[in-house]
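Visitor: I am new to this structure and would love a close look at one part of it. Please start with a pair of helices and then lead me outward.

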Amino acid sequence: MSRPEVEAPTVVRANANRSKTFSGMNFPLAGYALEDTSRIVTPALLIYPDAVAGNIRTTLAIVKNDPERWRPHIKTAKLGAVVGQMVEQGIDNFKCATTLELLTACRAGAADVLLALAVSGGNARRVAKLAEEFPDTRVSVLVESAAQTEVWRGTRVGVFIDVNSGMNRTGISEARTGDVIKLARDLGAAFRGLHWYDGHISSPSPAEREKQAHEGYGRLLTIVHAVEAAGIPVAEVITSGTPSAASGVSYPGFTGAKFQHRVSPGTVVYNDFTSLRQLEAFDYRPAALVLATVISQPLERQITCDAGHKSVSADAGVPTCIVMGHAEYQPLKPSEEHLPIEIPPGAKVPAIGDKLYLIPRHVCPTVNNFDEALMVRGGRVAGVERVTARGHEHPLVLAG
Ligand SMILES: Cc1ncc(COP(=O)(O)O)c(C=O)c1O
């Protein structure tokens with residue numbers, strides 16, 4: 001599918017302050033601008049529920065309209081209201097990374113949530129407690145070693161074995177198939193399946209991403225078959241974030257398999273300019289923006305707005321964002337609450353007090369920078385929602 005409202009990417013001139021390889025994309029402001037911003041304190045997180053709904057539909061189309069095939073990671077969505085919207089659109093299975101995200105998903109009515117981390121100590125106790133408190137939600141975790149399995153014995157918590165996909169962040173080495181089988185056997189009824197997150201596959205070329213992802217899925221399938229050959233049923237195999245989700249669906253070995261295969265993209269719910277560029281072939285739209293105010297004009301062709309890296313995350317590098325409707329503007333290196341922007345010759349320099357709508361480069365930590373989100377519909381603020389899963393739970397939550 002093509003995205004008609006998106007113009008062809010424009011190549012942006014590089015200088016010492018910004019990534020030399022950055023090329024911008026132009027997203028028109030039409031349909032996103034607020035009619036009245038005079039009573040809004042900036043920087044403000046704007047979420048567009050209609051765009052969220054469209055992004056959910058686009059992802060469902062990628063998984064061939066089978067919601068069972070998608071286990072979205074809610075580290076991006078973060079708002080109980082948006083997780084609830086996903087539940088309403090037929091998604092039951094979720095993934096998360098913190099106990100606060102787990103709580104948010106349980107409260108939103110998720111049927112099945114995987115905390116995609118191997119937790120121990122207080123964190124494990126908290127997960128077991130939440131699993132007790134929400135008996136209608138099937139709660140699971142990851143393990144990668146025998147030492148991590150004992151804590152789950154006698155609990156309601158299911159367990160997936162995390163296999164290192166080559167990302168080298170977590171997981172048991174893919175070469176240790178014998179240990180995977182032993183772990184699965186020791187887990188008994190708690191064993192739910194295998195987890196393979198290939199977040200390192202991020203080539204801008206969809207064909208290259210598919211090639212790399214499919215090579216990995218072939219190696220994963222060999223492990224799955226070995227576990228099955230040992231007489232242990234594998235109920236579920238989870239792969240793929242945003243860049244490789246379509247490759248997970250197109251991998252022939254996952255179609256018609258005995259196990260349920262699920263992909264787990266989460267960024268796609270809001271998108272950022274990284275995902276929009278990677279997924280140009282699909283009908284995705286930005287659904288989370290930061291509204292900023294121009295606060296200074298320190299140079300003839302440079303302005304500064306109030307969206308520093310304490311609002312628009314800088315973890316993915318500079319530029320931290322693009323300005324909606326102004327692909328020609330050049331966001332420079334931010335400080336905590338300041339974002340300088342170079343305005344190229346020929347472009348109108350915005351006035352102090354003007355509003356800018358920023359599409360983040362990395363939306364997940366950007367959402368996490370805000371306590372509240374303004375829900376925008378038809379050019380108006382239709383509501384305010386808490387960013388429920390922002391940050392982490394109280395460290396003494398177990399103390400009562
Ligand atoms: C384990 C795991 N699964 C799924 C995802 C979702 O991937 P994406 O952000 O590309 O949508 C992430 C992202 O960090 C992750 O860590």
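Visitor: Are helix 3 and helix 4 roughly parallel or roughly antiparallel to each other?

Guide: Happy to show you. This is a predicted model, in which local features need pLDDT of at least 70 and side-chain atom pairs count only at pLDDT 80 or more, while totals for chains, interfaces and linings use all residues. Residues are numbered from 1 along each chain as its sequence is written.

Helix 3 covers residues 99-107 and helix 4 residues 121-133; they pack at an angle of about 5 degrees, with axes 10 Å apart. Helix 3 and helix 4 are therefore roughly parallel to each other (angles under 35 degrees count as roughly parallel, over 145 as roughly antiparallel, 65 to 115 as roughly perpendicular and the rest as oblique). Axes are lines fitted to C-alpha atoms, for helices over the stretch in contact, and angles run from 0 to 180 degrees between N-to-C directions. Helices (H or I, at least four residues) and strands (E, at least two) are DSSP runs, numbered from the N terminus.

Where the two meet, helix 3 brings Thr99, Leu102, Leu103 and Cys106, and helix 4 brings Asn123, Arg126, Val127 and Leu130. Contact here asks for C-beta atoms, placed from the backbone, within 7 Å. This set divides into 5 nonpolar, 2 polar and 1 charged (Ala, Val, Leu, Ile, Met, Phe, Trp, Tyr, Cys and Pro count as nonpolar, Asp, Glu, Lys and Arg as charged, and the others, Gly among them, as polar).

Now step back to the domains, whose bounds come from an automatic or database domain assignment. Domain 1 is 10-48 + 274-386, and domain 2 is 50-269. Their centres, taken over C-alpha atoms, are separated by 32 Å. In all, 19 residues of domain 1 are in contact with 19 residues of domain 2. On the domain 1 side, helix 9 (363-367) is among the elements giving two or more residues, and helix 9 provides the largest share, 3 residues.

There is also an open sheet of 7 strands, in the order 4-5-6-7-8-9-10, with parallel pairing (two strands pair if DSSP finds at least two bridges between them). At its edges sit strand 4 (93-96) and strand 10 (260-263), each pairing on one side only. Ignoring direction, neighbouring strands are turned by 25 degrees against each other on average. Within this sheet, strand 8 (191-196) and strand 9 (236-239) share 4 bridges. Helix 6 (206-229) packs on the sheet, touching both strand 8 and strand 9, and its direction makes about 160 degrees with that of strand 8.
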